[in-house]
Amino acid sequence: MPDDLRSPGPLDAFRRILGPNGILTAESDLEPYLADWRGLYRGRAMALLRPASTEEVSACVRLCAEQGITIIPQGGNTSMVGGATPEAKPNQVILSLARMNRVREIDTADMTMTVEAGLILQKAQQVAADHGTLFPLSLGAEGSAMIGGLLSTNAGGNTTVRYGNARELMLGLEVVLPDGGVINGLRRLRKDNTGYALRHLFVGAEGTLGIITAAVLRLFPAAKETATALCAVPSEDAALALFRRFRAADEGAVRAFEYMSGIGMGLVMDNIEGATLPVAPGFEHFVLVDLSASREGAGLRNLLEQVLEAAMEAGEVLDAALAESEAQRAAIWRLREEHPEAQKRAGASVKNDVSVPVSSVPELIRRSSAELVKLIPGSRPVPFGHMGDGNIHMNLEQPPEMPAADFLARAHDIMDCVNAIVRELGGSFSAEHGVGRLKTDMMEAWRGGAELAAMQAIKAALDPKGIMNPGKVLP
Ligand code: FAD
Ligand code: MLT
Ligand code: ZN
């Protein structure tokens with residue numbers, strides 16, 4: 001039996017705080033929480049704590065601080081960088097926010113929604129829609145990812161081009177600090193310059209500075225009109241030119257602009273049941289363009305047709321399928337959203353969630369793809385993602401005949417190869433997934449000196465005992 005399970009002391013104390021439904025300790029119950037979505041890490045924990053209120057979170061954290069027990073906050077456990085899974089060490093608990101999933105308040109006059117951290121994104125979207133409004137954050141993991149996890153990673157996703165990252169969608173936060181103290185910052189204000197903007201410190205901190213227990217989110221008018229197309233384009237440059245055409249025609253209408261490669265689309269066709277390509281086969285580059293407007297009669301269908309017609313005349317679009325119904329729109333989106341799952345099913349892959357200035361996206365894709373194939377002959381570059389934000393998932397799929405373990409042993413070479421190009425282009429080694437555990441060793445090279453020292457000073461000030469999600473973000 002592991003050392004941390006011999007003494008019932010802390011476990012009994014957690015049980016007293018949380019009640020019998022609020023704690024899991026059996027190894028079989030803990031299993032799904034110990035490993036990450038990508039299957040890169042597996043750790044251990046003495047218990048999974050499932051508090052149902054901010055008071056319970058605070059009491060658990062205070063106990064952990066007293067006993068020197070480290071805490072791994074966990075939402076939907078969809079982190080791409082191993083941020084939410086424990087290390088293989090004793091004296092750790094996972095603190096799941098899943099039971100804190102209430103909508104505390106929705107205010108359609110002020111266009112805000114106050115929700116708990118364990119609310120699943122899809123439910124938040126649904127509640128907003130039920131009230132005739134829109135919560136615009138949208139990504140492939142929206143059926144599992146929770147508001148606290150999304151804020152803690154400052155998630156981006158498909159609609160950043162229009163609505164910004166999770167940070168821009170947050171007005172106020174309630175946070176339990178590493179000593180158990182509670183910041184009651186659930187203010188619904190659009191302007192609030194009262195000292196340091198502490199709320200922003202916890203967004204993107206990946207659970208290393210405290211636990212987000214609730215948030216005030218911004219709501220927007222619901223979409224009354226949409227127009228969506230999947231376009232086959234001849235090159236990465238043509239994809240960028242098409243983005244510029246839509247921006248010039250009506251920047252405010254572009255809800256999403258996503259790039260996909262022919263290889264990625266092929267993986268979706270081969271691995272996702274029911275996936276069908278609505279354009280002719282054989283193209284190497286695709287974009288998904290999604291327009292939306294909050295008023296009826298906005299003429300988005302006309303806009304879409306006009307821009308695509310002009311782009312076709314200029315040779316920038318080769319073929320296009322326009323969604324004629326909500327079902328067709330969903331089917332087109334599915335081709336994009338299933339990219340991560342298709343890659344997972346196809347074999348081992350290495351992810352490079354990078355960003356560059358939008359104008360450099362074609363160069364990033366071209367140069368990285370060429371270098372990656374030179375580095376690992378037979379490997380398949382699968383660039384896809386949020387072209388409108390300059391955020392491309394410059395992923396690499398293993399060569400079919402290469403053992404997965406051999407390919408994954410080259411993961412760091414692969415990431416270094418892409419990152420060298422990203423650095424030249426003035427980009428970032430982590431655009432939206434965060435640093436987690438996977439990329440801590442990159443922090444010194446990319447954020448070293450005064451920037452990293454300031455981060456370490458903040459960590460030491462707020463979490464002097466180092467109990468909050470150790471081994472993540474900071475080297
Ligand atoms: P978790 O994975 O549980 O946790 C993420 C991090 O936040 C961890 O460090 C954890 O310790 C911390 N954390 C969790 N909850 C709290 C809390 N309440 N307080 C403090 N810290 C906390 N990301 C994007 O940005 N854009 C995408 O398009 C995108 N697509 C994805 C598609 C798929 C299929 C998958 C599996 C993941 C995708 N992700 C994407 C990655 C992931 O970052 C997001 O899904 C989401 O932000 C994580 O939410 P979660 O609730 O699962 O958080
Ligand atoms: C997505 O946008 O689908 C994910 O963030 C990308 C990935 O799986 O690499
Ligand atoms: Zn993404």
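A residue counts as exposed here if 12 or fewer other C-beta atoms lie within 10 Å of its own, as buried if 20 or more do, and as partly exposed in between. With 10 C-beta neighbours inside 10 Å, G282 therefore counts as exposed. This residue sits in the loop between α10 (262–271) and β14 (285–293). Its C-alpha atom is separated by 7.4 Å from that of G262, although the two residues are 20 apart along the chain. The model in which these values were computed is a predicted one.

The same cut-offs can be applied to two further residues. N184 belongs to strand β9 (residues 182–185). This residue has 11 other C-beta atoms within 10 Å, so N184 is exposed. The C-alpha atom of N184 lies 7.1 Å from that of L173, which is 11 residues away along the chain. L34, in helix α3 (residues 27–34), is partly exposed, because 19 other C-beta atoms lie within 10 Å. Between the C-alpha atoms of L34 and E87 there are 8.8 Å, with 53 residues separating the pair along the chain. If neighbours within four places in sequence are left aside, the contacts of L34 are R42, G43, R44, A45, T85 and P86.

From single residues the account turns to the whole chain. The protein chain holds 18 helices and 19 strands. Its radius of gyration is 23 Å, close to the 23 Å that the globule rule gives for 475 residues, so the chain is as compact as a globular protein of that length. Taken along the principal axes, the box filled by the C-alpha atoms is roughly 70 × 55 × 45 Å. Of the 475 residues, 49% are buried. Among contacts between residues at least 6 apart in sequence, 75% join residues at least 24 apart.

One part of the chain carries an annotation. The unreviewed UniProt entry places the feature "domain: FAD-binding PCMH-type" at residues 41–222. That span is 21% helix and 25% strand, and its end C-alpha atoms lie 39 Å apart.

Several strands can be followed through their pairing. An open sheet of 4 strands has the order β1-β2-β4-β3, with mixed pairing. Its edge strands are β1 (23–24) and β3, each of which pairs on one side only. Within the sheet, strand β2 (residues 47–49) and strand β4 (residues 92–96) run parallel and are joined by 3 bridges. L48 stands opposite I94 in β4.

Another strand to follow is β10 (residues 211–218). In this strand 8 of the 8 residues are buried, so β10 is largely enclosed by the rest of the structure. Strand β6 (residues 112–116) pairs with β10 in the antiparallel sense over 5 bridges, and V115 stands opposite A215 in β10. Strand β8 (residues 170–176) also pairs with β10 in the antiparallel sense, over 6 bridges. The bridge partner of V176 in β10 is I211.

β10 leads on to the first of the ligand shells. Which residues come nearest to ligand 1? Of the 38 residues around this ligand, they are G75, G83, G148, G149 and G207. The elements that give two or more residues to this shell are β3 (70–74), α6 (147–152) and β10. Thus β3 appears both as an edge strand of the open sheet and as a contributor to the shell around ligand 1. The most is given by α6, with 4 residues. By class, the shell around ligand 1 has 16 nonpolar, 19 polar and 3 charged residues.

The shell around ligand 2 consists of G140, H339, P340, K351, D353, G385, H393 and N395. Two elements, α13 (339–346) and β19 (391–397), each supply at least two residues of this shell. By class, the shell around ligand 2 has 1 nonpolar, 5 polar and 2 charged residues. The nonpolar residue is P340 and the charged ones are K351 and D353, because Pro counts as nonpolar and Asp and Lys as charged.

Conventions:
Residues are numbered from 1 along each chain as its sequence is written. Chains are lettered from A and ligands numbered from 1 in the order in which they are written. This is a predicted model: local features need pLDDT of at least 70, side-chain atom pairs count only at pLDDT 80 or more; totals for chains, interfaces and linings use all residues. The radius of gyration is taken over C-alpha atoms; the globule rule is 2.2 Å times the number of residues to the power 0.38. Two residues are in contact if their C-beta atoms, placed from the backbone, lie within 7 Å. UniProt positions are given in the numbering used here, feature names are shortened, and annotations may be inferred rather than shown by experiment. A residue is near a molecule or strand if its C-beta atom, placed from the backbone, lies within 6 Å of it. Two strands pair if DSSP finds at least two bridges between them.
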